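User: Hi! I'm new to this one, could you walk me through it?
Analyst: Happy to, here it is.
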Amino acid sequence: MRHYNSSVSAVRIVLLGPPGAGKGSLALLCEQRLGLAHLSTGEIFRQEIARRSVLGRRVQRYVAAGRLVPDALVVQVMASRLGAMKVRRGFVLDGFPRTQGQAAGLDQVLDRKRKPIDGAVYVTSPEALLVRRLCGRRVCSRCGANYHLRTMRPKHAGVCDHCGGSLMTRKDDQPATIRKRLALDHRTAKPLLTYYKNTGRLSTVDGRGHIETVFQRTLTLFRHRGWIDGRHDRTQVHARN
Ligand code: AP5
C-alpha cells in the first residue's frame with residue numbers, strides 16, 4: 001500500500017553507512033512509503049553481473065571480492081542512471097557515494113543540473129550487529145528483495161513474499177568477505193563523512209532496533225530537516241523481533 005503526500009517537494013538524499021547498516025532496507029521503505037525513487041549501486045552492479053553485460057564483466061571481480069569499484073566508473077554509471085531516472089518526489093541513493101571522490105563527482109553532476117543533494121544520512125550500528133545482519137541476510141534471486149533468517153523472515157521459508165522467487169545468500173556475504181568489506185569501510189568512511197560534515201549536510205540516524213523503528217527515526221529526521229512534512233507514513237510493518 002502506498003501513501004504519498006502531494007505537498008512533498010523533490011528531495012535528494014544519500015544514505016551512508018557500513019555494510020549491513022540497513023541502507024537498502026531503509027531506501028526501499030522510502031520508496032514504498034514516501035514515493036522517492038531509489039538507486040542502489042550494489043543492486044545495479046549485481047543486476048549487470050547477472051546479465052553478463054559489459055559493465056557487469058568490468059565490475060564482477062570487485063563486487064565478488066568485496067572491493068570498491070573504481071570511482072570514475074561508479075560516478076559515470078550513476079550520472080547516466082540519474083539522468084535517465086524519472087524523479088517526481090525526489091530520490092534516495094543507497095551505497096553511493098562511498099568515497100570522498102565519488103561524493104565530489106556526484107556534486108559536480110548535480111550542480112550542473114542545479115539540483116544539489118539536500119543531505120547525507122549516516123546510519124550507524126555496532127560492528128557485531130552488522131556481522132549478524134550480513135551473515136543472516138537472504139536475497140530474492142528474482143527481484144532482489146532483502147530478508148533475514150531471524151529478523152525479517154519471509155512468510156514461507158526460502159520463498160520471496162513479493163514475487164515467489166527463491167532466496168539465496170549473496171556471494172559477498174561469506175564471513176571472510178564480510179570482514180574485508182567492513183575493514184574497507186573503516187578506511188573510506190571518515191573522509192566521506194568529513195566531506196558532508198564540512199558542507200553542512202551530514203545527519204546521523206541510530207540504525208539499531210527493528211527496521212520500522214529505524215525508519216520512524218529516519219522520518220523524524222526528514223521532517224526536522226523540512227524534507228518531508230508530518231502527515232507522511234501511515235503504514236506499519238509487523239515487527240518479528
Ligand atoms: P552494496 O550492495 O551497496 O553493499 P553494502 O554497502 O556492503 O551494503 P549492504 O547491501 O551489505 O548493506 P545495507 O546497509 O544495504 O543493509 P541491508 O538493508 O541490506 O554493494 C555491494 C558491492 O558493490 C560493494 O562491496 C562494492 O564491491 C560494490 N559497490 C557498490 N557501491 C559501490 C560504490 N559506490 N563504489 C564502489 N563500489 C561499490 O540489511 C542487511 C541485512 O540486515 C538484511 O538481511 C536486512 O534484512 C537486515 N536488516 C537491516 N536493517 C535491519 C534492522 N533494523 N533490524 C533487523 N534486521 C535488519
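Analyst: A word on classes to begin with: Ala, Val, Leu, Ile, Met, Phe, Trp, Tyr, Cys and Pro count as nonpolar, Asp, Glu, Lys and Arg as charged, and the others, Gly among them, as polar. This is a predicted model, where local features need pLDDT of at least 70 and side-chain atom pairs count only at pLDDT 80 or more, while totals for chains, interfaces and linings use all residues. Residues are numbered from 1 along each chain as its sequence is written.
User: Thanks! How many nonpolar, polar and charged residues are in the shell around the ligand?
Analyst: The shell has 15 nonpolar, 16 polar and seven charged residues.
User: And which residues are the closest to the ligand?
Analyst: Pro 19, Gly 22, Gly 24, Gly 42 and Gly 95 are the closest of the 38 that surround the ligand (a residue counts if its C-beta atom, placed from the backbone, lies within 6 Å of the molecule).
User: Switching topic: how do the axes of H6 and H7 cross?
Analyst: The axes of H6 and helix H7 (residues 175-198) cross at roughly 140° and come within 11 Å. Axes are lines fitted to C-alpha atoms, for helices over the stretch in contact, and angles run from 0 to 180 degrees between N-to-C directions. Helices here are DSSP runs (H or I, at least four residues), numbered from the N terminus.
User: Which residues make the contact?
Analyst: H6 brings Glu 127, Leu 130, Val 131, Leu 134 and Cys 135, and H7 brings Pro 175, Ile 178 and Leu 182 (contact means C-beta atoms, placed from the backbone, within 7 Å). By class, that contact of H6 with H7 has seven nonpolar, no polar and one charged.

Note on methods
Helices (H or I, at least four residues) and strands (E, at least two) are DSSP runs, numbered from the N terminus. Two residues are in contact if their C-beta atoms, placed from the backbone, lie within 7 Å.
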